[in-house]
Amino acid sequence: MAKTIQIYSWNVNGIRSAHQKGFLEWLHARPRPSIVGLQETRAEREQLSEDLESPDGWLSHFVSAQKKGYSGVGVYTSAKPNDVVTSLGRPEFDDEGRAILTRFGELDIWNVYFPNGSGKNRDLSRIPYKLDFYAHLLESLKPQIDSGGRVLVMGDFNTALSEIDLARPKGNEKTSGFRPEEREALQLWLDAGFVDTFRHQHPDAEGHYTWWSQRKGVRERNVGWRIDYILASPAAHAYVESAQIHADVMGSDHCPISVSVKPEIAGDFNWSF
C-alpha cells in the first residue's frame, strides 16, 4: 500500500490556458497515487484536447457550466473512484458547474468552485447567491460530519477568513471576499467541525497566499489572498499528515494547494490504478 495519498486543489483560471503554460507537465510530475481537483476550468469536455481529456495514467471527470467559458470544475485521479456525483440538488447551482464529488471507499472528496460575490459591474449583487451556496452545501454535509464521515472539501472558496489571510485586510473590508457576511459564512463551516488543514498546521504563519491580482508586480511583491482551502471533517483530519501551499507553481493567478493523507483514510479502498 502507498505510504501517503497526495490530494491537490488548483483554480487554473481556464484549463486550456493552463495547458499552454505547462499544466500537463505539472500533472504528470505528481506522485502516485494522487487526486487533483481543478476549479474555473472554463471549458466543455468536447473542447479539450485528447491529452487533456485522457492524460496517460489518469482518469478525468469534468462538469461545465451552461454558460460557455464560465466556471466549471474537473478532477484527475490516478485511482478509480467508487462513485462520482456532479449535482448539488439545486438547478441554480448545478447550472454553473461548481461541484464534483469523487468517492474513494470511506472517503468523500468534494471539489468545489465557490461563487464570487461580485457582479458584472464589480458590485456586490452576487453575495446573496454566494451565501446561499455556502449554506446549502454545508447543510447537506452536516449529517455526514455529525455521524463521523470522512469528508474533504477543497477548492476556491473565494473568501479570506481572517486578517492573516490577506496582505491588506484594512483596505478590503468592504470588498467581496473579505466582507463580514462572507467571512461569517465560512466560519460556520469551522464551527460545524471542519478543520482548515493549512491553518491548523501553520496557525501563525503570515504571507501565505493562494491568489494574486494579475496587475503587474502584485505577485512578485506577494500582495495576495489565501482564498483556496482544503477543509477536513474531524474524522478525515485524523489522517492528514501535512498541508501545503505551492506558491512557486505558476500558470494561473492562483497556485495549487495540497494535503498528504494516510491511505487508511479510505478504509480498505485499493489505491492501485
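## Aromatic rings up close

In this predicted model, 20 aromatic pairs are counted when ring centres lie within 6.5 Å. The views below pick out some of them, along with two charges that sit over rings and a look at the whole chain.

**View 1. W10 and W26 meet edge-to-face**. The centres of these two rings are 4.9 Å apart, and their planes make an angle of 65 degrees. W10 belongs to strand β1 (residues 5-11), while W26 belongs to helix α2 (residues 23-28). With their positions 16 residues apart, the pair links distant parts of the chain. Are these two tryptophans buried or exposed? W10 and W26 are both buried.

**View 2. F93 and Y129 pair across two helices**. Here too the arrangement is edge-to-face, with 5.3 Å from centre to centre and 70 degrees between the planes. F93 sits in helix α4 (residues 91-94) and Y129 in helix α5 (residues 127-146), so this contact ties together parts of the chain that are 36 residues apart in sequence. F93 has a relative accessible area of 1% and is buried. Y129 has a relative accessibility of 16%, and it counts as buried because the cut-off is under 20%.

**View 3. Ring pairs join nine named residues into a cluster**. Which residues belong to this cluster? Starting from the pair in View 2, F93 and Y129 are both members. They are joined by F114, F133, Y134, F157, W189, F194 and Y229. If you have the structure open, try displaying these side chains together.

**View 4. R126 places its charged end over Y129**. The distance from that charged end to the centre of the Y129 ring is 4.2 Å. The ring of Y129 therefore has a charge over it and also pairs with F93.

**View 5. K67 places its charged end over Y70**. In this case the charged end lies 4.8 Å from the ring centre.

**View 6. The whole chain puts the close-ups in context.** Eight helices and 14 strands make up the secondary structure of the protein chain. Its radius of gyration is 17 Å, close to the 19 Å that the globule rule gives for 273 residues, so the chain is as compact as a globular protein of that length. Along the principal axes, the C-alpha atoms fill a box of roughly 50 × 40 × 40 Å. Buried residues account for 55% of the 273 residues. Among contacts with a separation of 6 or more, 70% are between residues 24 or more positions apart. The exposed area of the chain is about 12100 Å², with 47% of it supplied by carbon and sulfur atoms.

Terms used. Residues numbered from 1 in each chain as written. Predicted model: local features only at pLDDT ≥ 70, side-chain atom pairs only at ≥ 80, totals over all residues. Heavy atoms only, no water. Phe/Tyr/Trp six-rings, centres within 6.5 Å; stacked < 30°, edge-to-face > 60°. Helix = DSSP H or I, 4+ residues; strand = E, 2+ residues; numbered from the N terminus. Buried < 20%, exposed > 50% of the residue type's maximum accessible area, 1.4 Å probe, protein only. Lys NZ or Arg CZ within 6 Å of the ring centre and 35° of its normal. Rg over C-alpha atoms; globule rule 2.2 N^0.38 Å. Contact = heavy atoms within 4.5 Å. Areas by Shrake-Rupley, 256 points an atom, 1.4 Å probe, with all protein chains shown as cover.
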